[in-house]
Every structure is written in structure tokens, then in C-alpha cells.
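Hi,

Here is the structure I promised to pass on. Have a look at it first, and my notes follow below.

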Amino acid sequence: MRSKMLRNFVVRLVSLSLLSLGIVQGSGAAMIGTQQVIQSEARDASISRVEAILARRDVAKQLVIFGVDPLAVQSRVGNMTDAELLTLEGSLDKHVAGGDAVAIVGAVFIVLIILELVGITDIFKAT
Amino acid sequence: MKRFDVSPLTGLAKRAAQALALFVFWTLAGCGTIPAAVSHYGPAPGRLELVDTPFYSQEQFQCGPAALTTLLTASGVETTLDEVTAQVYLPARQGSLQTEILAATRAAERVPYVLAPGLSSITSELAAGRPVLVLQNLGVSWAPRWHYAVVVGTDADRKQIVLRSGTDARRITRTSVFLRTWQRSGFWAVTTLKPGELPADPDRARYAEAVAGLEQTGHYQAARDAWLAGLSHWPNDTVIRFGLANTEYALGHFTAAERLYLDMLSEDSGLLTARNNLAMTLIAMGQSDDALEQIDIALALAEGSPLLEELLDTQKTILSTSQGAPN
């Protein structure tokens, strides 16, 4: 119980320090990025630095929860754009993950065989 | 061996049954018709195959890493299946996200160019020597089987697609089946460009988006080379010139950046973004008086502009810098 509270405290402290780090960086640099110009061209809402930092933190946390080695997480989120991070924020479980996994049961199986025979699907031949 | 003669009636019955099955399951399958524009093979040669494309056989659920390793090594990146797996495999989802395929391509200093939907986009890239990674749903919407594969060949006469897929080094799929499975991912397809290479069918918005992503994630050298290639194709494009100037700045090539911003401003003095970044460049060069002059010009034009806040930020930065080092 105590250790859980302590852990929560440390997590909050680290989060807060990460956040403030981002804000300090943000106000220092006032270069306008190319992505920002493209977004305004496409009339997409521009993403603030704070939003991007929060999204990055959330996606990093989710990646760990989904089994990614914590050491690999920084480089994985580091190569995502702000827009991509915002899309994935809070929804890592909802996006398509290509990996051939499929759950087939009973009647569904028979329907799938027929779909396969008439050339609508291509589910059984691979791998 | 001589075959049995199938009576015309049986043949007809078989065809009717097939048609019926198709009709019944069409709704279940959630199949729309495929637009002709998408199924067109395009101007590329009727039959082409990149036979030298390497093949990496997939482990269970790891078609994403295998397909991406194929794509990256074909683009000259030295990497291994294990390295790529560590970047794109998501264990608890037993698969890989599209975003991570793009991100890992950036990590390898390549431009992840997402193709316009349509078979002709793929054949054009193949004709230029680049294989194309695709996302397919081999199942149906209510029993999906999401799968990444790499298209290495097309054959318009036989109506076939050749793929590096799963554990098949050379899998041949009927074009109609391929199109249906590909359609379910919204025709998602990506190719890797070496920085400096242009796509076979260059689309300005798609290209700028791809390169800006490289820039935003800190791959400045690669982004610079890619912007330069873009400039050769769209010499007057504002976004691409702006992108090149920004990467020159990020690489510390301030004189080059200054010249590019000035060029843009000489054609359109109201470009506040360029004026802001010019001011930032001048600060970096230690010319805070000139920087202040530029930002004042911008601020005079900025009333009601969404950039006002950023311009004021820049002004603040300049003032604090010049106070620190008066000249």
C-alpha cells in the first residue's frame, strides 16, 4: 500500500518534470515547422507543443503496456509525428494491427470457406 | 487422361449456385464494387516483377516486421528482421500498427511515401524499381485477418499480382482477389524513397507530408536531401522551399536558410511564417538588430493572424537575446 502510494508519487513527479521540460523548450524556440504550415494549408487544427508532449507520453506508456521493451519505446515514439501521436493517444487498442491473427469459430468458419471459394476472401492460403 | 464431359445443364447449375452464393454473401462480406480507376494497371509495362527483391519469411503474427524488412533492405538499408521486429511489433496486439511502419521507415532515414489509392500507383513504383508494402484484410470486416505483404510484380495479361507474403517467397494472387483484400484497408500502400529520390507518380501533398514527417522527427539531413529533390520537381512551391529552409536552419546552415527565406519574401512579402523564421535565423547568426527589424515588419502585418502569438514569442526571444549581448 505504502509502496504503491510512493510509486504513484514518483510517477507524477516524473510526469510533471517531463511536462515542464517540454514547455520550457516550447517557449524558447519559435521556429515555425513545415508540418505546421502544411496543417494550416489543409485547415487542420494545429497541434500545440503541450498536446504533442502529452500524447507522446501517453503513447509511450501504452506501448509498454502492450508489451514493448521499455528501452525501445523512446525511439519508437521518437519517430512518430505529432499528428500520429495524437491519433494513437488513448486508442492503441483500436487501431488496425496487421499480424494475421484471426479468431474463427463454428458457423463463421463455414461461411468463410464459401467466401473463399467464390473469391471474396484470401484467408486460408497464406502462411 | 480424358476428362468427363460435363453436361451444359450441370455447368449452368454450378454457375447459378456460384452466383447465388455470391449474391447471398456479398452483403455479409461488406464488399463494394471496386472502381475502375483503382483496378486499372496504369501505363507501366503489362508484366513486371522485381525478382531481386529479398525475402524474409515471417514468424507467427510478424508479417509487419517481415514485410518492412523486405522493403528497407530493397531500398539499401542495412538491417535485420530482429532489428525491425523490435521497432514495429506490438506483442499484446499480435501485430504491427501502420503508424509504426511509417515511423520505423523514418528511423532508417528513408521517406515513407504513402501511395495514392489504385493499382496504377503500385505498378508505377514497381516500374521505377521499388517494391510496395500493402496492408490487406484477407478476411472480412466481421472476421478480419489483417496482413502486410510486399507487392513485387504485376501481370496485366494473366491478371495476377506477385507478392512476398508471409512464408511465401513468391505468392501469386488473382488481381481481383488482391484488390478486394486491399480495398478493406482503404488501399493502404507505402513505398520507401531514398532521400533525394522522387516517387514515380509525384503528388505534392503526399510528398510534402512524408518529408515534413522526417523533418519533425529530427532526421534533418535526410529531410534536406528530400526537400532538394522536391524542389527540382516543384521549383516554385512555397511549402517545399520553406521545408528546405527549415532543415538548413536545423542543420546550422544559417546562411543558406537566410537566403531561402529572403528569396521567398522577395516574391511574397506577406509570408509571415518565412519572416518569423528569417528572424530566428538572424538571431542564430548573432544579428539581433536585423532580427528585430524583420519581426517588426511581420508584426505590422499580423493583425488578426493566427501566427500573432508566435511572432510575439519570437520578438520576446530577440529582445532577451539582445539584452544579454548588446552590440
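**What I found**

B:Trp182 and B:Phe187 are both buried. Keep in mind throughout that this is a predicted model.

How are those two rings arranged? They form an edge-to-face aromatic pair, with 5.0 Å from centre to centre and 85° between the planes. A pair of aromatic rings is described by exactly those two things, the distance of the centres and the angle of the planes. The pair also belongs to a cluster: B:Phe178, B:Trp182 and B:Phe187 make up one aromatic cluster. Across all chains, a search of the whole structure turns up six aromatic pairs.

Now for chain B as a whole. Its secondary structure adds up to 14 helices and eight strands. There are two domains in the assignment, with domain 1 covering 29–193 and domain 2 covering 220–322. If you want to know how far apart they sit, the centres of domain 1 and domain 2 of chain B, taken over C-alpha atoms, are separated by 38 Å.

The overall dimensions are worth a glance too. Chain B has a radius of gyration of 26 Å, whereas a compact globule of 327 residues would come out near 20 Å. Along the principal axes, the C-alpha atoms of chain B fill a box of roughly 100 × 40 × 40 Å.

On to packing and surface. Of the 327 residues in chain B, 53% count as buried. Taking the contacts in chain B with a separation of 6 or more, 60% are between residues 24 or more positions apart. The accessible surface of chain B is about 14,800 Å², and carbon and sulfur atoms account for 54% of that.

One residue in chain A also caught my eye. A:Thr121 lies in the segment after α6 (106–117) of chain A. Is A:Thr121 buried or exposed? Its relative accessibility is 2%, so A:Thr121 counts as buried, given that the cut-off for buried is under 20%.

What does A:Thr121 touch? Leaving out neighbours within four places in sequence, the contacts of A:Thr121 in chain A are A:Leu112, A:Leu115 and A:Glu116. From chain B, A:Thr121 is in contact with B:Leu138, B:Gly139, B:Val140 and B:Val177. With A:Glu116 there is something extra to look at: the side chains of A:Thr121 and A:Glu116 are joined by a polar contact of 2.8 Å.

Cheers

Key:
Residues are numbered from 1 along each chain as its sequence is written. Chains are lettered from A and ligands numbered from 1 in the order in which they are written. This is a predicted model: local features need pLDDT of at least 70, side-chain atom pairs count only at pLDDT 80 or more; totals for chains, interfaces and linings use all residues. Side-chain values use heavy atoms; hydrogens and water are left out. Domain bounds come from an automatic or database domain assignment. Helices (H or I, at least four residues) and strands (E, at least two) are DSSP runs, numbered from the N terminus. Buried means under 20% relative accessible area, exposed over 50%, partly exposed in between (1.4 Å probe, protein chains only). A polar contact is a pair of N or O atoms within 3.5 Å; within protein, one must be able to donate a hydrogen and the other to accept it, and residues adjacent in sequence count only if both atoms are side-chain atoms. Contact means heavy atoms within 4.5 Å. Rings of Phe, Tyr and Trp (its six-membered ring) pair if their centres lie within 6.5 Å; planes under 30 degrees apart count as stacked, over 60 as edge-to-face and the rest as tilted. The radius of gyration is taken over C-alpha atoms; the globule rule is 2.2 Å times the number of residues to the power 0.38. Accessible areas come from the Shrake-Rupley method with a 1.4 Å probe; for residues, only the protein chains shown count as cover.
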